[in-house]
Each structure stands twice: as C-alpha cells, then as structure tokens.
Amino acid sequence: MKVLVFGGSGFVGQQLLKTFQAQGWQTISVSRHGRPKKGQAAWTDEVTWVKSDLTKDQTWQDVAKNADWIIDAIGILFEKPKQGITYENAIVLPLQNIADFLLKQSKPARLIFISANKAPLVLKKYMQHKIAAERFLQQPDFAKLQSVIIYPGLVIDAAKPSTLIAEWGIHLLYRLPFLKKWISGYLPIKRTILADEITKVMRGGKSILTQRRP
C-alpha cells in the first residue's frame with residue numbers, strides 16, 4: 001500500500017510514517033521542510049521525503065497521483081504572521097488543495113484529515129479553522145471522496161516535553177469532580193496510540209477517534 005503523509009516531517013507526521021513503515025507500506029512525506037534534520041533513525045531511510053509547499057507549488061502532485069491513502073497531518077498550534085504562517089494557510093488551504101486535486105483523479109486516494117476534538121479558549125481561532133476545514137470537506141461536492149476525519153485530544157510524547165507538562169495539568173484538573181465532565185474532551189492521547197488508531201481505520205477497523213467526543 002502506498003501512503004502519502006502531508007506534514008510528514010512534523011511531530012505527528014513522523015510517528016505516522018514510522019508506524020506505517022512497520023506495516024510494510026510504501027511511505028512518502030510531503031512538507032515544507034523535506035527530510036527532518038533531527039532523529040535520523042533507520043526507518044527514515046525508507047521514506048521518500050519531498051520538499052514542497054502545497055499552497056505555493058505543485059511539486060507534490062506527481063507523488064500523490066497513485067497513492068492509496070493520503071493523510072493530512074499539516075497543522076500549527078500558534079500562528080506566526082511575521083513568517084507568513086497562519087491558520088488559514090496551514091490548516092484550511094492545504095486541505096482544500098488536496099481535496100480539489102483528488103476530485104480530478106479517476107481513482108482518487110482515500111483521505112484522512114487530522115482535526116482536533118477540542119481546544120482551550122486560548123486556541124479558539126485554531127479550533128475555528130479546524131472546524132472550517134472539516135466543513136469544507138463535508139460539502140456535497142466532495143461527497144464522492146472517501147474521507148475520514150480524526151478527532152484527537154492533545155497529542156503527547158516524551159519527544160516534546162512541553163506536551164507532558166500540559167498532560168499533567170489536564171489530568172490534575174480531571175481529578176476535580178466539578179470539572180471532570182468539562183475536561184474529558186481535552187484528555188491527551190499518546191502519539192503512538194494516535195498512529196495506531198489511524199492505522200486501524202486504514203485497515204477497515206473502527207476507532208473512537210472518528211467521532212467528536214463531548
């Protein structure tokens with residue numbers, strides 16, 4: 001199976017590629033950075049790394065044409081306007097370009113968009129753009145695409161210590177009875193488990209992450 005991961009050089013994308021490699025699948029990463037500079041593990045040699053910005057060029061289209069699955073793992077938590085990095089061009093526009101491309105294919109790849117289950121008030125704008133991307137994909141024009149939306153909580157891993165600190169805070173609040181119901185939608189998920197759940201979906205299985213949770 002041929003799998004293309006947009007944002008493959010990122011925090012979530014690298015774990016996806018590593019997990020897919022373990023399945024024996026052909027893996028391709030497309031990102032603005034190409035091959036990551038850190039963590040040159042053996043599995044990275046088996047990945048085809050493509051440097052491309054799909055909001056600015058069409059280099060990625062050649063490797064996307066014969067994919068069985070395309071995973072949109074592009075995303076940022078915080079905008080960097082001075083660098084031209086916004087929620088619009090890091091969340092919404094990439095998905096629009098991928099979906100438009102797939103509609104033109106005679107046998108389009110199946111598509112997974114990694115959204116978010118919930119986000120705190122400080123990330124309200126981030127969440128608004130995730131929902132905007134979801135709604136775009138759910139339009140009648142894109143009904144023929146076999147797409148799946150994944151709704152993870154905060155993705156955590158020791159490779160990014162700040163996520164473990166956030167996990168500790170969330171679980172601390174979760175222990176308070178009057179906050180437990182409100183906090184449940186924010187519960188973290190390990191990066192490896194997220195990758196395993198996505199793999200399960202790709203193999204035809206069911207996952208709790210395909211539904212937004214209260």
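Which residues touch the most other members of the largest nonpolar core? Keep that in mind while you get your bearings; the tour gets there shortly. One thing to know before you click around: this is a predicted model.

**Stop 1: the whole protein**

Start with everything shown as a cartoon. You should be able to pick out seven helices and eight strands. Turn the protein about, and its C-alpha atoms fill a box of roughly 50 × 40 × 40 Å along the principal axes. A compact globule of 214 residues would have a radius of gyration near 17 Å, and the protein has 17 Å, so the two agree.

Now look at how the chain comes together. Take the contacts between residues at least 6 apart in sequence: 64% of them join residues at least 24 apart.

**Stop 2: the surface**

Switch on a surface view. About 11,700 Å² is exposed, and carbon and sulfur atoms supply 54% of that. Colour by charge next, and you'll have 31 positive and 16 negative side chains on screen. The centres of those two sets lie 6 Å apart. Beneath the surface, 48% of the 214 residues count as buried.

**Stop 3: the largest core**

Hide the surface and select Leu-4, Phe-6, Ile-70 and Leu-102. Here's the reply to the opening question: these four touch the most other members of the largest nonpolar core, which has 37 residues. To see where the core comes from, highlight β1 (2-6), β2 (26-31), α3 (87-103), β5 (110-114) and α4 (124-137), each of which supplies at least two of its residues. Helix α3 gives the largest share, with nine residues.

In soluble globular proteins, nonpolar side chains tend to be buried together.

Zoom in on Phe-6. Skipping its neighbours within four places in sequence, Phe-6 is in contact with Val-30, Leu-54, Trp-60, Ile-98 and a run of others, including Ile-70, Ile-71, Asp-72, Ala-73 and Ile-74.

Apart from the largest core lies another one, of 26 residues. Select Val-5, Leu-17, Ile-198 and Val-201, which are among its members.

**Stop 4: His-129**

Finish in helix α4, where you'll find His-129. Is this residue buried or exposed? His-129 is buried, because its relative accessible area is 15%, under the 20% cut-off.

So what is around it? Beyond its neighbours within four places in sequence, His-129 is in contact with Tyr-87, Glu-88, Ile-91 and Val-92. Draw a distance from His-129 to Tyr-87: they are 42 residues apart in sequence, with 6.4 Å between their C-alpha atoms.

Terms used:
Residues numbered from 1 in each chain as written. Predicted model: local features only at pLDDT ≥ 70, side-chain atom pairs only at ≥ 80, totals over all residues. Heavy atoms only, no water. Helix = DSSP H or I, 4+ residues; strand = E, 2+ residues; numbered from the N terminus. Rg over C-alpha atoms; globule rule 2.2 N^0.38 Å. Buried < 20%, exposed > 50% of the residue type's maximum accessible area, 1.4 Å probe, protein only. Contact = heavy atoms within 4.5 Å. Areas by Shrake-Rupley, 256 points an atom, 1.4 Å probe, with all protein chains shown as cover. Lys, Arg positive; Asp, Glu negative; His and termini not counted. Charge placed at Lys NZ, Arg CZ, Asp CG, Glu CD. Core = buried A, V, L, I, M, F, W, Y, C linked by side-chain atoms within 4.5 Å.
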